[in-house]
Amino acid sequence: MDNQTQIQQQFIIRKLEIEDYQKEFLICLSYLTKTPELPLEKFKEIHENYPGFVYVVEDVQQKRIASTMSLVIEQNIFETKYFIENVVSHPDYRGKGFVRSLLEKIKQDVISLEKNRNEGNENVNKEISIELYCKKETKGLYEKLGFQENGFMASKYV
Ligand SMILES: CC(C)(COP(=O)(O)OP(=O)(O)OC[C@H]1O[C@@H](n2cnc3c(N)ncnc32)[C@H](O)[C@@H]1OP(=O)(O)O)[C@@H](O)C(=O)NCCC(=O)NCCS
């Protein structure tokens, strides 16, 4: 997996780094969800224990996180599941194709992760899927990015 990919002049895609705390990562995320105060130490702990990878687009001139998307990896009994979460672009950087590029990067990384996991094993399911949960308002975005509605997702407050 490449460490970073240049996507447009001045912008790169890479995995989240601790230094992104100073590069307004949490501000970018706050446009998706209410983000509580998160001290640096706690941020480091979450970063280290994240069950997958957090990807970011950095504006390298402004040293600012423009967009982010996370890949959660869940090892089930028979298969590995891949989920997308925390998809957001800072309002200053929307409409530039960053979410599309992040998804493409994640797709390539998932393919190479699966390839490495299954090396030498011929009895393997060749279909790899990436799943996500989204609100009705953003369904159109994901359909545009090639996702198809599949099943029923529900929540119960406890
Ligand atoms: C939705 C959001 C993540 C899109 O980010 P973005 O960086 O502007 O997306 P991109 O520029 O990569 O857009 C990719 C494609 O999706 C389309 N698109 C973007 N938002 C869309 C929406 N809400 N509905 C339908 N299509 C949408 C774009 O037009 C683009 O299509 P194109 O490549 O054919 O031109 C951004 O508006 C955002 O952060 N919104 C608030 C947080 C949010 O709702 N996140 C999703 C949670 S499920």
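In which helix does Glu114 lie? The residue belongs to helix H3. This helix and the sheet beneath its contacts are described below, in a model that is predicted. The mean pLDDT of the protein is 93. Of its residues, 96% reach 70 or more. Among the elements, strand S3 has the highest mean pLDDT, 98. Strand S1 has the lowest, 85. Where pLDDT is low, the predicted coordinates should not be read in detail.

Six strands form an open sheet. Their order is S1-S2-S3-S4-S5-S6, and the pairing is mixed. The edge strands are S1, residues 4-8, and S6. Each of these two pairs on one side only. From one strand to the next, the twist averages 25°.

The pairs can be followed across the sheet. S1 runs antiparallel to strand S2, residues 11-15, and four bridges hold the pairing. Within this pair, Gln6 has Ile12 of S2 as its bridge partner. S2 is in turn antiparallel to S3, with five bridges. Here Ile13 is matched with Val57 in S3. S3 and S4 are also antiparallel, and eight bridges join them. In S4, Ile65 stands opposite Glu58.

S4 covers residues 64-75, and S5 covers residues 80-89. These two strands run antiparallel and share eight bridges. Ile73 has Tyr82 of S5 as its bridge partner. A hairpin of four residues leads from S4 to S5. The last pairing, S5 with S6, is parallel. S6 spans residues 130-132, and three bridges link it to S5. Among the partners, Ile84 is matched with Leu132 in S6.

How many of the residues of S3 are buried? Six of its eight residues are, and the strand is mostly covered. The hairpin of S3 and S4 has four residues between the strands. One residue of this loop is Lys63. Its phi is near 50°, a positive value in a residue other than glycine. Lys63 counts as exposed because it has 12 C-beta neighbours inside 10 Å, and the limit for exposed is 12 or fewer.

Asn86 has a similar backbone feature. Its phi is near 50°, again positive in a residue other than glycine. Asn86, however, is placed in strand S5. It has 15 C-beta neighbours inside 10 Å, and therefore counts as partly exposed.

Helix H3, residues 98-117, packs on the sheet. It touches S1, S2, S3, S4, S5 and S6. The direction of H3 makes about 30° with that of S4. Two residues of the helix illustrate its surroundings.

Leu102 is placed in H3. Is this residue buried or exposed? Leu102 counts as buried because 23 C-beta neighbours lie inside 10 Å, and the cut-off for buried is 20 or more. Leu102 touches Ile13, Tyr55, Val57, Ser67 and Met69, not counting residues up to four places away in sequence. Ile13 is 89 residues from Leu102 in sequence. In space, the two are 7.1 Å apart, C-alpha to C-alpha. Ile13 and Val57, both touched by Leu102, are also the bridge partners named above for S2 and S3.

Glu114 is the second residue of H3 considered here. With 18 C-beta neighbours inside 10 Å, it counts as partly exposed. Its C-alpha atom is separated from that of Thr80 by 8.5 Å. Along the chain, Glu114 and Thr80 are 34 residues apart.

The final feature is the ligand. How many residues surround it? There are 19, and the closest are Ser89, Arg94, Val99, Gly140 and Leu141. Three elements give two or more residues to the shell around the ligand: S5, H3 and helix H4, residues 139-144. By type, the shell divides into eight nonpolar, six polar and five charged residues. Two of these elements thus recur from the sheet description: S5 pairs with S6, and H3 packs on the sheet.

Key
Residues numbered from 1 in each chain as written. Predicted model: local features only at pLDDT ≥ 70, side-chain atom pairs only at ≥ 80, totals over all residues. Pairing = 2+ DSSP bridges. Axes fitted to C-alpha atoms, helices over the stretch in contact; angles between N-to-C directions. Contact = placed C-beta atoms within 7 Å. pLDDT = per-residue confidence, 0-100. Near = placed C-beta within 6 Å. Nonpolar A, V, L, I, M, F, W, Y, C, P; charged D, E, K, R; others polar.
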